[in-house]
Amino acid sequence: MKLGKHDQERLSAGFSYALLIVGATIVLFPLLWMVSTALKDPGLVFRYPPQWFPDPIMWSNFKRGWFLLAPTFGSFFLNTAKIAGLAGIGAVLSASIVAYSFARLRWTGRDFIFLLVLGSMMLPSQVTLVPHFVIYRWLGWYDTHFPLWVPYWFAGSFFVFLLRQYMMTIPHELDDAALIDGCSHFSIFWRIVLPLSKAPIATVAIFSIQWTWNDFFAPLIYLSDQYKWTVALGLRALQSSIMVDWTALMSMASLSLIPVMLIFVFAQRLFIQGIVFTGIKG
Amino acid sequence: MAHVLTLRSVAHKSSIRRQENLLGWLMASPWIIGFSIIMVGPMVFSFGLSFMDWNLLRAPVYAGFANYRKMFFEDELVFQSLKVTLYYALGSLPLGLIGSLAVAMLLNAKIKGLALFRSIYYLPAVLSGVATAQLWRFVFSPEFGLLNTVLQLFGIEGPNWLMSTTWVIPSLILMSLWHVGGSMVIYLAALQGVPTDLYEAGTIDGTGWWSRIRYITLPMISPVILFQVIMGIIGNLQAFVTVAIMTNGGPANASLFYMLHLYRQGFEYFRMGYACALAWLLFFIIMGLTLLVLRSSSAWVYYESELRGR
């Protein structure tokens with residue numbers, strides 16, 4: 001039997017769907033299993049054949065996990081939210097101001113400095129690791145949250161690049177008209193350029209919040225007092241006992257994913273627009 | 001009168017220019033200050049420290065090339081960690097490239113539910129960190145883990161994954177494939193930018209799907225592939241969280257990533273000078289590999305504008 005062109009197309013579409021669904025299942029399966037484990041009776045976690053759907057559903061695992069350490073996970077979540085929030089605000093404010101300067105103002109040395117911005121994206125973070133530790137310790141910032149969010153207030157190169165590329169595409173006629181009307185550059189920035197740059201601003205905010213929320217290395221080297229710990233450190237502490245309480249650990253791990261997941265779901269259209277922009281124009 | 005007016009407007013204009021100049025520097029200053037005190041200063045400091053012996057308690061002592069000598073000739077773990085890290089990168093980089101490209105191509109075929117699939121595949125990229133590393137540690141658990149349970153359904157007895165010196169790196173590579181969504185969205189956008197008339201021309205000429213990929217798609221998106229390969233080199237060679245949480249470098253240092261070795265030297269043994277020297281070695285390796293890829297790119301990266309002579 002010979003297949004017509006139409007049948008062939010349908011066959012290949014069906015094949016694509018099958019592959020995509022298998023792939024999506026593989027991606028989601030571990031996450032679903034994590035939630036399923038979080039809700040299982042601790043005694044049934046290591047049973048074979050495994051229990052796919054938790055029965056009975058043990059919400060108490062969440063309570064146990066939450067209170068397992070002193071202070072509780074409430075404190076870890078608050079600390080992390082504070083750091084991520086401050087980092088997000090700082091990243092957006094500083095990078096958008098700097099990006100405006102590169103995209104819309106003419107000043108001597110601008111193009112050279114922008115080359116430095118591009119080059120600095122390639123600079124290695126591992127080389128500055130030890131000096132940063134030494135400097136922050138000297139400033140008295142060891143065991144405080146400052147080293148985790150203050151650097152975000154100095155306009156990260158990647159963020160500046162992303163915003164600048166976007167602001168370049170906003171028509172200059174808008175500024176010129178505003179300038180003739182006697183608007184200052186500040187009001188052009190605040191009233192025209194910023195409102196038009198929602199997508200890259202969302203991208204910068206999400207990236208900085210996501211990075212600080214998920215960060216493990218910086219909290220690991222800078223924080224020692226448990227009352228200052230972030231969620232990442234709390235999770236690590238849960239797994240470091242000899243008998244790991246897997247249901248409690250998985251309950252707190254799933255909980256820790258919720259904030260970033262919510263932000264992603266709500267802002268994803270803007271966010272994907274933003275990354276796509278960097279990836280292509282980069 | 002007209003003459004005076006022009007003069008005045010020139011003076012006015014140049015004062016506006018001066019103002020704009022000042023404002024430009026002022027608004028760019030957060031980056032300039034940050035670059036100087038967060039990047040350049042610490043890099044110089046780090047270079048200096050790499051010639052010192054310093055444990056943070058006593059004053060630093062000049063040590064000449066001792067740290068570098070130790071790194072190249074005495075510390076066997078340097079070679080081991082480099083080997084392990086390169087093994088991991090050599091596995092996860094090409095497989096990740098193929099995986100993310102394949103998913104992007106499947107999604108590019110005018111499919112219903114694109115947004116949903118894209119979100120699902122992208123999700124792990126948002127969730128990287130301690131929680132997902134712990135999840136995967138559980139997935140790889142030899143007796144009760146998800147992976148071996150599923151394999152058992154097919155009658156296959158899975159290995160010890162993270163506890164086996166042979167399987168630990170392949171396990172980590174496998175896990176890294178779970179994160180392909182991050183570069184997938186970027187490839188997808190690039191694919192959507194390939195003009196469809198190219199494919200139509202290809203279809204009329206009767207080319208098969210493989211030739212279409214090989215001669216149309218890949219060349220058209222090769223600049224994006226180049227960018228992703230470079231970012232992949234940087235990211236993979238600096239990987240840390242997964243091993244810190246999942247294996248702690250074990251078993252028998254079989255998963256001792258370079259950054260884990262550096263972390264221990266610097267922040268567990270407080271050998272600040274030595275950790276800086278280690279960081280510089282990694283820096284030069286990353287730079288070297290990046291330059292190599294960039295040099296090779298003229299052979300395989302195709303810029304549309306070149307052909308059109310723009």
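Visitor: How many helices and strands make up the secondary structure of chain A?

Guide: Helices (H or I, at least four residues) and strands (E, at least two) are DSSP runs, numbered from the N terminus. Chain A comes to 13 helices and zero strands, and along the sequence its pattern reads α-α-α-α-α-α-α-α-α-α-α-α-α. The radius of gyration of chain A is 24 Å, well over the 19 Å that the globule rule gives for 282 residues, so chain A is more spread out than a compact globule. That radius is taken over C-alpha atoms, and the globule rule is 2.2 Å times the number of residues to the power 0.38.

Visitor: Before going on, how should the model and its labels be read?

Guide: This is a predicted model, in which local features need pLDDT of at least 70 and side-chain atom pairs count only at pLDDT 80 or more, while totals for chains, interfaces and linings use all residues. Residues are numbered from 1 along each chain as its sequence is written, and chains are lettered from A and ligands numbered from 1 in the order in which they are written.

Visitor: What does the C-alpha trace of chain A span along its principal axes, and what share of its residues count as buried?

Guide: The span of chain A is about 75 × 75 × 35 Å. A residue is buried if 20 or more other C-beta atoms lie within 10 Å of its own, exposed if 12 or fewer, and partly exposed in between, with C-beta atoms placed from the backbone. By that count 40% of the 282 residues of chain A are buried. Two residues are in contact if their C-beta atoms, placed from the backbone, lie within 7 Å. Of the contacts in chain A with a separation of 6 or more, 78% join residues 24 or more positions apart.

Visitor: What are the corresponding values for chain B: helices and strands, radius of gyration, span and buried share?

Guide: Chain B has 14 helices and two strands. Its radius of gyration is 26 Å, where a compact globule of 310 residues would have one near 19 Å. The C-alpha trace of chain B spans about 95 × 75 × 35 Å, and 37% of its 310 residues count as buried. Residues 24 or more positions apart account for 69% of the chain B contacts with a separation of 6 or more.

Visitor: How many residues does each chain bring to the contact between the chains?

Guide: Chain A brings 69 residues and chain B brings 67 residues. On the side of chain A that touches chain B, the helices that each supply at least two residues include α1 (5–38), α3 (73–104) and α10 (198–214). The largest share of that side, 14 residues, is from α13(A). By residue class, the side of chain A that touches chain B has 49 nonpolar, 17 polar and three charged residues. Here Ala, Val, Leu, Ile, Met, Phe, Trp, Tyr, Cys and Pro count as nonpolar, Asp, Glu, Lys and Arg as charged, and the others, Gly among them, as polar.

Visitor: How is a packed helix pair read?

Guide: Two packed helices are described by the angle between their axes and the distance between the axes. Axes are lines fitted to C-alpha atoms, for helices over the stretch in contact, and angles run from 0 to 180 degrees between N-to-C directions. In chain B, helix α3 (residues 76–107) packs on helix α8 (residues 181–192) at about 50 degrees, with the axes 8 Å apart. α3(B) and α8(B) are therefore oblique to each other; angles under 35 degrees count as roughly parallel, over 145 as roughly antiparallel, 65 to 115 as roughly perpendicular and the rest as oblique. Among the residues in this contact are B:G96, B:L101 and B:L107 of α3(B) and B:M184, B:Y187 and B:L191 of α8(B). The residues of the contact of α3(B) with α8(B) are nine nonpolar, three polar and no charged.

Visitor: At what angle does α3(B) pack with helix α10 (residues 209–237) of chain B?

Guide: The angle is about 145 degrees, with the axes of α3(B) and α10(B) 9 Å apart. B:T85, B:Y88, B:A89, B:S92, B:L93 and B:G96 in α3(B) meet B:G232, B:I233, B:N236 and B:L237 in α10(B). The contact of α3(B) with α10(B) divides into five nonpolar, five polar and no charged residues.

Visitor: What should be checked in the backbone?

Guide: Most residues other than glycine have a negative phi, and most peptide bonds are trans. The peptide bond from A:A70 to A:P71 is cis, with omega near -5 degrees, and A:P71 sits in the loop between α2 (60–67) and α3 of chain A. From B:G250 to B:P251 the bond is also cis, with omega near -10 degrees. B:P251 lies in the loop between α11 (241–246) and α12 (258–268) of chain B. B:N253 is in the loop between α11 and α12 of chain B, and has a positive phi of about 60 degrees although it is not a glycine.

Visitor: Is B:L56 buried or exposed?

Guide: B:L56 is exposed, because 11 other C-beta atoms lie within 10 Å. Its phi is near 75 degrees, a positive value in a residue other than glycine, and B:L56 is in the loop between β1 (52–53) and β2 (61–62) of chain B.
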